[in-house]
Amino acid sequence: MGKVANQIAGGNLSDRVLQCGGLSDELGELVCNFNRMASRLEANRDEMNVLHSRLEDKVRERTSALEIANRKLRESDRQKSEFLATISHELRTPLTSITAYAEILVDSGSIEPEKRARFLSIINTEAARMSRLITDLLSLERIENGMARWQASAFDLREVVKAAAAVLGPALAEKRMHLSFTMLEAQPVLADADRIQEVLTNLLGNALKFCRPNGHIGIALQHVSASGPRNASGDYVRIEVIDDGPGIPPEDRDQIFEKFYQGANTRGRHSGVGLGLAISREIILHHKGEIWLELPQTGGTVFCFTLPRHSTAIEFQSKVLEESYTPA
Ligand SMILES: Nc1ncnc2c1ncn2[C@@H]1O[C@H](COP(=O)(O)OP(=O)(O)OP(=O)(O)O)[C@@H](O)[C@H]1O
Ligand SMILES: [Mg+2]
């Protein structure tokens with residue numbers, strides 16, 4: 001018993017005193033109790049070990065969750081700084097022009113009317129640019145934070161496509177662009193018509209902006225059975241906006257829908273700040289559709305998006321609509 005007691009004191013709890021025959025009742029009971037005590041000690045230690053290892057697992061789990069949260073915080077901090085730097089830059093550029101031309105107008109007593117008109121026009125354009133940037137930013141921020149107000153109604157998507165084309169009509173005519181539609185059947189959707197028109201205006205506006213004069217833009221609507229690259233099955237309307245412009249180089253394709261992203265070939269050469277596609281994506285995602293860039297074999301650019309097709313029958317005039325429209 002002394003030897004086993006020493007083993008236990010040294011941490012080896014598995015040893016037991018052998019019950020030899022011939023022990024007196026009292027001694028036998030003592031041995032029994034001693035062994036029971038050793039067994040309980042051993043069981044307690046095993047239980048402690050299990051708890052300890054569970055605790056360690058928990059600590060490891062929590063540490064790794066904290067590390068991930070920390071990394072996310074650092075990343076969002078970095079994005080915030082980057083975002084602020086971009087916004088400051090985007091606001092500073094037009095503001096510098098506005099201040100410079102306004103100063104000239106204030107300081108120079110007599111200035112030829114033509115020059116004055118030109119300077120005022122620059123101030124006007126740059127102020128409009130700032131105002132658009134702020135409107136776009138606020139709109140994007142409201143959508144991202146779930147604060148935007150949406151007004152859903154059932155309508156034929158063809159009507160909204162035509163409305164977007166009509167808004168851009170004068171600009172298309174000025175650049176002598178050819179616009180054609182392929183919209184054979186009614187495409188009922190339940191959506192915010194103004195927002196969907198905004199997406200179409202953004203895509204058409206890009207095609208108009210980046211294509212050469214006399215270029216072609218096509219809009220095609222189609223009833224399909226999958227949402228797009230995610231391949232969720234269901235009833236969808238697929239909208240394609242096709243142009244024969246310079247296309248989007250492979251290195252830009254992954255980031256084209258990011259806020260403020262502008263392709264290296266086009267950056268600084270056109271109006272805009274790189275928010276149109278980011279806003280369009282948010283609008284389409286809100287409607288449970290998808291928006292993506294296709295890779296046309298023949299050059300140019302093809303943007304596609306889908307919207308869930310409205311299942312309830314709506315009375316549409318089912319006039320056949322396949323026309324070519326040259327705004328001029
Ligand atoms: N149809 C197109 N053809 C060629 N490049 C395009 C086309 N559409 C978009 N891009 C590229 O994608 C970039 C991002 O487009 P997006 O509409 O988000 O911004 P933007 O047109 O530059 O500015 P904004 O829309 O804020 O006026 C563009 O700057 C351009 O580089
Ligand atoms: Mg744009």
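1. Start with Lys209: an N or O atom in the Lys209 side chain lies 2.7 Å from an oxygen atom of ligand 1, which fits a polar contact (a pair of N or O atoms within 3.5 Å). Gln262 also has a polar side-chain atom 2.6 Å from a ligand 1 oxygen, and a polar backbone atom of Gly276 is 3.1 Å from an oxygen of ligand 1. The protein covers 97% of the 590 Å² of accessible area that ligand 1 has on its own (Shrake-Rupley method, 1.4 Å probe).

2. A word on the basis. This is a predicted model, with local features needing pLDDT of at least 70, side-chain atom pairs counting only at pLDDT 80 or more, and totals for chains, interfaces and linings using all residues. Residues are numbered from 1 along each chain as written, chains are lettered from A and ligands numbered from 1 in written order, and side-chain values use heavy atoms, leaving out hydrogens and water.

3. Now the shell. Ligand 1 is surrounded by 21 residues, the closest being Arg132, Asn206, Lys209, Gln262 and Thr266 (a heavy atom within 4 Å counts as near). Helix 5 (193-210), helix 7 (276-286) and strand 7 (301-308) each give two or more residues to this shell, and helix 5 gives the most, with four. Helices (H or I, at least four residues) and strands (E, at least two) are DSSP runs, numbered from the N terminus.

4. As for the overall fold, the chain has seven helices and eight strands. Its radius of gyration (over C-alpha atoms) is 35 Å, well over the 20 Å that the globule rule gives for 328 residues, so the chain is more spread out than a compact globule. That rule is 2.2 Å times the number of residues to the power 0.38.

Key: A polar contact is a pair of N or O atoms within 3.5 Å; within protein, one must be able to donate a hydrogen and the other to accept it, and residues adjacent in sequence count only if both atoms are side-chain atoms.
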